[in-house]
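Hi everyone, thanks for coming. Today I'd like to walk you through one protein chain and its salt bridges. Let's put it on the screen.

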Amino acid sequence: MQNKDTAAGEIFRFKQQHWHLLPEKVIYWEEERALVLSDLHLGKSAHFRKAGIAVPAGIMQEDLFRLQQLITRYLPVRLIIVGDMFHSRHNNEVQYFKIWRGQFSHIQVDLVLGNHDIMADEVYSQLEVNTHDTLTVRDIHFIHEPCGDDNGYKYTFSGHLHPAVVMAGPARQRLRLPCFYFGRHCGILPAFGDFTGLATLDPYPDEPVFVIAGKSIIRTQ
C-alpha cells in the first residue's frame, strides 16, 4: 500500500513500516526518524583526479548539499548508510566531510561497511561514524552486498548494485533510470552519489519497483 508523500516522493507501507521514497535517492524511515541511503562514494572524484583522469571538482560538495537539504527537511535523528560511504583511502575530501559532519554532530551516523570502505578504524571514529559489518533495526537487516533468498532475516536492505530499470517510450525510446527495488526477501537501494554507474535489474512481476525520474517517483509494478 502506498500514499503520496507531501515532499514529492511516495510513502510505501511495507513490513509494517512507513518508507518515504524520495527522488533524492534516499528513504526516510518514519518509525525510526532515520534517513537511509547507500553508495555515496565520497572522494571518488578526487581518487580519479589523483590518477590523472579529468573529473570535475565539486561533485562531493553537491552530494553533501543534497543530503544537508534532506536533513533540514526531515530532521532525522539517525543516518543509516548501507555501504560505500567513501570510495577509497583517505584523501582531502575526507577532511571536507569532517567539516560538514560538524554541522550535524547531534545526528547518529551508522555505516554498514561496503567494499570501498577501506579506511582505518580511527578515521571513522574521528568522523563520528559508527561502523558495522551488518546492522539490524526493528527486524530489518542492512548489509552492503545483496543477499540470497534464504538469509535468515525477516527482510534485508542492501546497496552495492546501483539498481536501475529500463523504461520504454514511443518511437523505440529507451531510458535507464535508477530505482528502489523491493524483492520478496531483499530490497536494494539506489546509489545516492551522482558519480556512479547503474546496473539493470530484471525484477519478477510481483516485486515492487519505484523508478526515480527527475523529481518524481513512479511505481512501475
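When I say helix or strand, I mean a DSSP run, H or I of at least four residues for a helix and E of at least two for a strand, numbered from the N terminus. By that rule, the chain has four helices and 17 strands.

Before we go on, a word on the source: this is a predicted model, where local features need pLDDT of at least 70 and side-chain atom pairs count only at pLDDT 80 or more, while totals for chains, interfaces and linings use all residues. Residues are numbered from 1 along each chain as its sequence is written, and side-chain values use heavy atoms, with hydrogens and water left out.

Of the 221 residues, 52% are buried; buried means under 20% relative accessible area, exposed over 50%, and partly exposed in between, with a 1.4 Å probe and protein chains only.

Now, how many salt bridges are there in the whole structure? The search finds six, each being a side-chain nitrogen of Lys or Arg within 4 Å of a carboxyl oxygen of Asp or Glu.

One of them joins E32 and R138, at 2.5 Å from N to O. E32 sits in the loop between β4 and β5, and R138 in the loop between β9 and β10, so this pair ties together parts 106 residues apart in sequence. E32 is buried at 18%, whereas R138 is partly exposed at 45%.

Next, R78 pairs with D110, with the closest N and O atoms 2.7 Å apart. R78 belongs to strand β6 and D110 to strand β7, and both residues are buried.
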